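Please look at the sequence and the structure together, and then follow the report below, which deals with side-chain contacts, nonpolar cores and the packing of two helices.

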Amino acid sequence: MFAEFALHERLLKALAELGFTEPTPVQAAAIPLALEGHDLRATAQTGSGKTAAFLLPLLHRLLGEEKPRGDVRSLILLPTRELAQQTLKEFERFAQFTFLKAGLITGGEDFKVQAAMLRKIPDVLIGTPGRLMEHLDAGNLILRDVQVLVLDEADRMLDMGFAEDVTRLAGECANRRNTWLFSATTGGGALREMTGQLLKSPKHLMLNQVAELNENVRQQIITADDPAHKEKLIHWLLANETYQKAIIFTNTRAQADRLYGHLVAAEVKVFVLHGDKDQKERKLAIERLKQGGVKVLVATDVAARGLDIDGLDLVINFDMPRSGDEYVHRIGRTGRAGGDGLAISLICHTDWNLMSSIERYLKQRFERRVIKGLKGHYQGPKNLKASGKAAGSKKKKTDKKADPKKAAPKRAPKAKPSLVSQDGLAPLKRRKPAGE
Ligand code: AMP
């Protein structure tokens, strides 16, 4: 029960108003430690309620302080505009019975309007690193009064090349008492380095047990012959599945546009979201989807980052994501906060090995599904290795030490070296830059 936390009564009132009664696991773990004044390093998936896990103790702390005459008192850094906007919305919901104000600083918005907002000195600043750096360089941003620095989706900020900006912004918050770092994955060396550099004796919270992810989301695969076959499957699924809202992920902008064109031609009400879209189009797409005017969104990974849309209960992977973590992020769009969801991945021969790596990474076997009348020729590899990957499809390598006549294939030769997933569960493909 939230009432058990020693949170300020105005926050408890907001929680009651919002109908939040039970804290989610990340909230139950993080809130008491944050209230005690610890630094936090939390691994929690999207949809776990992690925003409230840092906003509630943050608001509590600000409510307990006498507002200094000075400057911004807390800074929340996030990787994308959409995530920043959503965090602002959550802030406003929790702060509805307080006088605390938050300001939003992201790219794609008017710089001068933002500068004017900064002059009014919000209590909390929520933003993306790039634009915040521009304001810092322009002398619009003073962070010396920041008490709490929050880094949300820190792994993704690093992936997007924000390491230097984040470190500089953190350096500007030189008098902060606490740093709370959240990431969806355990991250790699760069994240460890950042944690060591920016956090003081943090409490580590591991709430992202990969194998337990998204219990309430059914995960299926459908094999396909080629992109054209995948498009037919998409049409069928959108016409026959029961869903409130659906999101279809592609790996590239070009594929997103192509699929969008096909769906529009078939009179499906759909929006497309990718890195070439300007801020106005992105806002419109998200608003229409939220309001229900449009039920289907075609998106690339980075564009869809952090989207929290009620009733999003169908995720389709037109292309298999390039890493296990990306898969987790995608299906994290559905089944949020306890709702049910369905995730369907369309698998042609180029997707198979990736799909099987991801199954092993998640320690799950996806349901195999066949759609009557749309069954293709490709049903998965004829021969499978113990790992679940395709066997014998590539030239066999001979082991020089062994009897050359009996030489068995050891591992499918790869164009690039494989990586072991952060959890050491299974080798994963090297992560490529997202095809936003
Ligand atoms: P997040 O992981 O922070 O993006 O949160 C996912 C969704 O769950 C958001 O819409 C939150 O408002 C909602 N949520 C977070 N915590 C709770 C809770 N304790 N009870 C009900 N809904 C929640």
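## The surroundings of W180

In this predicted model, W180 touches A34, H38, D39, L40, F54, P57, L58, R61, V148, L149, V150 and L151, leaving aside residues up to four places away in sequence, where contact means heavy atoms within 4.5 Å.

Residues are numbered from 1 along each chain as its sequence is written. Local features need pLDDT of at least 70 and side-chain atom pairs count only at pLDDT 80 or more, while totals for chains, interfaces and linings use all residues, and side-chain values use heavy atoms, with hydrogens and water left out.

## Two nonpolar cores

W180 is also among the residues with the most contacts inside the largest nonpolar core, which has 37 residues, and L56, I76, F91 and I126 are named beside W180. Such a core is a set of buried (under 20% relative accessible area, 1.4 Å probe, protein chains only) Ala, Val, Leu, Ile, Met, Phe, Trp, Tyr and Cys residues joined through side-chain atoms within 4.5 Å. Helix 3 (50–64) is one of the elements that each supply at least two residues, and helix 3 gives the most, with 8 residues.

A second, separate core has 29 residues, including V217, V315, L354 and L362.

## Helix 4 against helix 12

Helix 4 (residues 81–94) and helix 12 (residues 279–291) pack at an angle of about 50°, with their axes 11 Å apart. Helix 4 passes helix 12 in a right-handed crossing, and the residues in contact include R81 and E82 of helix 4 and R282 and K283 of helix 12.

Note on methods:
Axes are lines fitted to C-alpha atoms, for helices over the stretch in contact, and angles run from 0 to 180 degrees between N-to-C directions. Helices (H or I, at least four residues) and strands (E, at least two) are DSSP runs, numbered from the N terminus. A crossing is left-handed if the near helix is turned anticlockwise from the far one by less than a right angle, and right-handed if clockwise. Buried means under 20% relative accessible area, exposed over 50%, partly exposed in between (1.4 Å probe, protein chains only).
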